[in-house]
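Let's go through this fold together, asking at each step what earns a feature its label. Have the structure open beside you as we talk.

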Amino acid sequence: MQQTVLVIEDNEQSLYMITFILTQHGYEVVQARNGREGITLASQVQPVLILLDIQLPLLDGYAVAQALRSNPALAQVPIIAVTSYAMAGDRERILAAGCTGYIEKPIDPGTFVRHIAQYLSIGPSGHGGGP
Ligand code: MN
């Protein structure tokens, strides 16, 4: 069964790139282009992980993360903020809002999926790389 990743991102270029990379790696991607849509879809599609832009129309990423965390059904889903301005204060704000971690833009296609996979290693993940 394919794992669904919900991507909440209003920038078409970023959304396209993230979707492309994840699809290439076998994930099913559900897209939301604003905060409200993201909250609605999160409870509908049961994603294994949520990628969350911070600067979003209607509701920003902080508000979205808080709303997602207030839903018991989504309390355990990793939420990764994708942000271009992870400055010192924002980093703490991101985590305080309920995000599990963050990835900085611009996204590095070479490390993106590996980075995300770290947050998915809930089940057996015996792919330890030898030397
Ligand atoms: Mn944005």
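Q: What makes S1 and strand S3 paired strands, and in which sense do they run?
A: This is a predicted model, and in it S1 and strand S3 (residues 49–53) are joined by four bridges in the parallel sense. Pairing asks for at least two bridges, so four bridges qualify S1 and S3 as partners. One of the links is between Ile-8 and its bridge partner in S3, Leu-52.

Q: How many bridges join S1 to strand S2, and what is the bridge partner of Val-7 there?
A: Five bridges join S1 to S2 (residues 28–32), and the two strands run parallel. Val-7 has Gln-31 as its bridge partner in S2, while Val-5 stands opposite Val-29.

Q: What lies on the path from S1 to S2, and what is the hand of this β-α-β crossover?
A: From S1 the chain passes through helix H1 (residues 12–24) before reaching S2, and the crossover is right-handed. The label is given because the path from the first strand over the helix to the second runs clockwise when the strands point away from the viewer.

Q: How do you know that S1 is mostly covered?
A: Five of the five residues in S1 (residues 4–8) are buried. Thr-4, Leu-6 and Ile-8 are buried on one side, and Val-5 and Val-7 are buried on the other. In a regular strand the side chains alternate between the two faces of the sheet. Both faces of S1 are covered.

Q: In what order do the strands of the open sheet come, and which stand at the edges?
A: Five strands line up as S2-S1-S3-S4-S5, with parallel pairing. S2 and strand S5 (101–104) each have a single partner strand, so one side of each is left without a neighbour in the sheet; these two are the edges. From one strand to the next, the twist averages 20°.

Q: Why is Val-30 called buried?
A: Val-30 has a relative accessible area of 15%. The cut-off for buried is under 20%, so Val-30 meets it. Val-30 is found in strand S2. Leaving aside neighbours within four places in sequence, Val-30 is in contact with Thr-4, Val-5, Leu-6, Val-7, Leu-41 and Val-45. The C-alpha atoms of Val-30 and Pro-47, 17 residues apart along the chain, are 8.5 Å from each other.

Q: Why are H2 and H3 called roughly parallel to each other?
A: The axes of helix H2 (residues 35–45) and helix H3 (residues 61–69) cross at roughly 20° and come within 10 Å. Angles under 35 degrees count as roughly parallel, and H2 and H3 therefore get that description. H2 passes H3 in a right-handed crossing.

Q: Which residues in H2 meet which residues in H3?
A: Gly-35, Ile-39 and Ala-42 are on the H2 side, and they meet Val-64, Ala-67 and Leu-68 in H3.

Q: Which strands do H2 and H3 lie across?
A: H2 lies across S1, S2 and S3, at about 145° to S2. H3 lies across S1, S3 and strand S4 (79–83), at about 155° to S3. Angles over 145 degrees count as roughly antiparallel, so H3 is roughly antiparallel to S3.

Q: Why does Gln-46 count as exposed, and what can be said of its phi?
A: Gln-46 has 66% relative accessibility, so it counts as exposed, the cut-off being over 50%. Gln-46 sits in the loop between H2 and S3. Its phi is near 50°, a positive value in a residue other than glycine. Most residues other than glycine have a negative phi, and most peptide bonds are trans.

Q: Why is Leu-58 called exposed, and where is its place?
A: With a relative accessible area of 55%, Leu-58 is exposed. Leu-58 lies in the loop between S3 and H3, and its phi is near 75°, again a positive value in a residue other than glycine.

Q: Which peptide bond is cis, and what is its omega?
A: The bond from Lys-105 to Pro-106 is cis, with omega near -5°. Pro-106 lies in the loop between S5 and helix H5 (112–118).

Q: What pattern does the protein chain follow along the sequence?
A: The pattern is β-α-β-α-β-α-β-α-β-α, from five helices and five strands. Of the 131 residues in the protein chain, 44% are buried.

Definitions and conventions. Residues numbered from 1 in each chain as written. Predicted model: local features only at pLDDT ≥ 70, side-chain atom pairs only at ≥ 80, totals over all residues. Heavy atoms only, no water. Buried < 20%, exposed > 50% of the residue type's maximum accessible area, 1.4 Å probe, protein only. Contact = heavy atoms within 4.5 Å. Axes fitted to C-alpha atoms, helices over the stretch in contact; angles between N-to-C directions. Parallel < 35°, antiparallel > 145°, perpendicular 65-115°, else oblique. Left-handed = near helix turned anticlockwise from the far one by under 90°.
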